[in-house]
Amino acid sequence: MRAIVLLCLLHEAFGQDTLFSWNGPGRVNVPIAEPNPSDDCLLNQASCGCCLMQRQIHRMEWFFNITYDEMKKELTKSKTALDNMRASRSAFSVALNNEKSPTCYGPFPTDMLIIYKHVFINLGDGYNVQTGIFTVPRSGVYSLTVTIYATGLPGNKLVTCANLQVNGQVAYPLIEQNGQDLEDSSTVVMAIKLKAGDQVAVNMPKECFVCDNNNHYNIFTGFLLYATD
C-alpha cells in the first residue's frame with residue numbers, strides 16, 4: 001500500500017505539464033509526447049515508475065532543445081554585432097612629412113588644403129593621402145585632433161594658422177602669430193557628429209605656413225567614438 005501511495009505522489013509531483021521558462025520566472029506549457037501504446041513500459045502496470053522517468057526524459061529533451069535554440073540565436077546576434085563593429089572601425093593619424101630636415105608647406109597666394117603625407121594609421125582607408133581629405137565612412141560621433149606648427153628666422157613675419165573644416169565649412173580655427181619667440185603652434189581636440197560621406201580636412205589660409213620634419217609637429221588625427229546609424 002505504501003508503495004502505491006508513493007507512486008501516486010510521484011505521479012502528482014512529476015506529472016505536471018508546466019515548467020519555468022528559459023527567460024526567467026513564469027510557467028509555460030510543456031508539450032508532452034503522447035504515450036506509445038506499443039511501448040513495453042506502458043503495457044505493464046508495475047512499470048509506472050518507468051513511465052514517469054520517460055515523461056521526465058521527454059521534458060529534459062524539450063528543455064535542451066529550447067536552450068540550444070536560444071543559444072544559437074544569441075550567438076548569431078553576437079556575431080552580427082561583432083561584424084558591425086569590425087565594419088565600422090575607422091581611425092587615422094597622419095603627419096605633414098617624415099623628412100630629416102625641417103620642410104615648410106606654404107605660404108601660398110590662396111587658401112590650400114594641407115596634404116599630410118606621412119601616415120601612422122589609416123584604419124578603414126578613410127583618409128586620402130593624395131588629397132588630404134578624410135571621408136567619413138559611417139555616421140557617428142568622431143574625435144578630431146589637429147596640431148599646427150611653424151618656425152621662422154629673426155625679423156621674418158611668422159604666422160601659422162589653419163582651419164579644421166567639414167564639407168568646406170570651418171569647424172574650428174587655429175591661429176598663432178609670432179611674438180618674441182621663433183616658434184608658433186596651435187592645437188584643437190574636439191568631438192563632432194558627422195554623417196557618412198562628410199569630408200573633413202585642414203585648410204591653410206593664404207600667407208600662412210607650417211613646418212615639420214620627422215619629429216612630426218604637425219598632425220591630423222580622427223577616429224570614430226560611436227556610430228549613430
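**Entry 1: asparagine 97**

I began with the surroundings of asparagine 97 in this predicted model, and, setting aside neighbours within four places in sequence, I found asparagine 97 in contact with Thr103, His118, Asp212, Asn213 and His216. For one of these partners, histidine 216, I looked up the C-alpha to C-alpha distance from asparagine 97, which is 7.1 Å although the two residues are 119 apart in sequence.

I then placed asparagine 97 along the chain, and noted that it sits in the loop between β3 (91-95) and β4 (103-105). Is asparagine 97 buried or exposed? Its relative accessibility is 10%, and because buried means under 20%, I entered asparagine 97 as buried. I also noted that the side chain of asparagine 97 reaches the backbone nitrogen of glutamate 99, at 3.2 Å.

**Entry 2: the disulfides**

How many disulfides does the model hold? I counted two, and I took them in turn.

For the pair of cysteine 104 and cysteine 211, I read a separation of 2.0 Å between the sulfur atoms. The torsion about their S-S bond is about 95°, so I wrote this disulfide down as right-handed. Cysteine 104 belongs to strand β4 and cysteine 211 to strand β14 (residues 210-212), so the bond ties together parts of the chain that lie 107 residues apart in sequence. I checked the accessibility of each partner as well: cysteine 104 is partly exposed at 42%, whereas cysteine 211 is buried at 1%.

The other disulfide joins cysteine 161 to cysteine 208, with an S to S distance of 1.6 Å. I read 60° about the S-S bond here, and the link of cysteine 161 and cysteine 208 is right-handed. Cysteine 161 is in strand β10 (residues 159-166) and cysteine 208 in the loop between β13 (199-204) and β14, so that this pair links distant parts of the chain, 47 residues apart. I noted both cysteine 161 and cysteine 208 as buried. When I numbered the bonded cysteines of the chain in sequence order, the pairing came out as 1-4, 2-3.

**Entry 3: the nonpolar core and tyrosine 116**

I next looked up the largest nonpolar core, which has 30 residues, and asked which of them touch the most other members. These are Ile114, Tyr116, Val146, Leu164, Val200, Val202 and Phe220. I listed β3, β9 (140-151), β10, β12 (183-194), β13 and β15 (219-227) as the elements that give two or more residues to this core, and I noted that β10 gives the largest share, five residues.

I followed tyrosine 116 further and, not counting residues up to four places away in sequence, found that it touches Val94, Ala95, Leu96, Tyr127, Val129, Val146, Val202, Asn218, Ile219 and Phe220.

**Entry 4: valine 129**

Since valine 129 appeared among the contacts of tyrosine 116, I looked at valine 129 itself, which lies in the loop between β7 (127-128) and β8 (133-135). At 26% relative accessibility, I recorded valine 129 as partly exposed. Leaving out residues up to four places away in sequence, valine 129 touches Ile115, Tyr116, Lys117 and Val119. I also took the C-alpha separation between valine 129 and valine 94, which is 8.9 Å for two residues 35 apart along the chain.

**Entry 5: arginine 59**

Turning to helix α3 (residues 48-88), I looked up arginine 59, which is found in this helix. Arginine 59 counts as buried, with 6% relative accessibility, and the side chains of arginine 59 and glutamine 56 are joined by a polar contact of 2.6 Å.

**Entry 6: the chain as a whole, and its confidence**

I finished with the totals. The chain has three helices and 15 strands, and of its 229 residues 31% are buried. Among contacts between residues at least 6 apart in sequence, I noted that 70% join residues at least 24 apart. The chain exposes about 14,500 Å², of which carbon and sulfur atoms supply 57%.

For confidence, I recorded a mean pLDDT of 80 for the chain, with 72% of its residues at 70 or more. Over residues 1-28 pLDDT stays under 50, and for this stretch the model has 36 contacts beyond four places in sequence. Where pLDDT is low, the predicted coordinates should not be read in detail.

Notes. Residues numbered from 1 in each chain as written. Heavy atoms only, no water. Helix = DSSP H or I, 4+ residues; strand = E, 2+ residues; numbered from the N terminus. Buried < 20%, exposed > 50% of the residue type's maximum accessible area, 1.4 Å probe, protein only. Contact = heavy atoms within 4.5 Å. Polar contact = N/O pair within 3.5 Å; in protein donor to acceptor, adjacent residues only side chain to side chain. Disulfide = S-S within 2.5 Å. Core = buried A, V, L, I, M, F, W, Y, C linked by side-chain atoms within 4.5 Å. Areas by Shrake-Rupley, 256 points an atom, 1.4 Å probe, with all protein chains shown as cover. pLDDT = per-residue confidence, 0-100.
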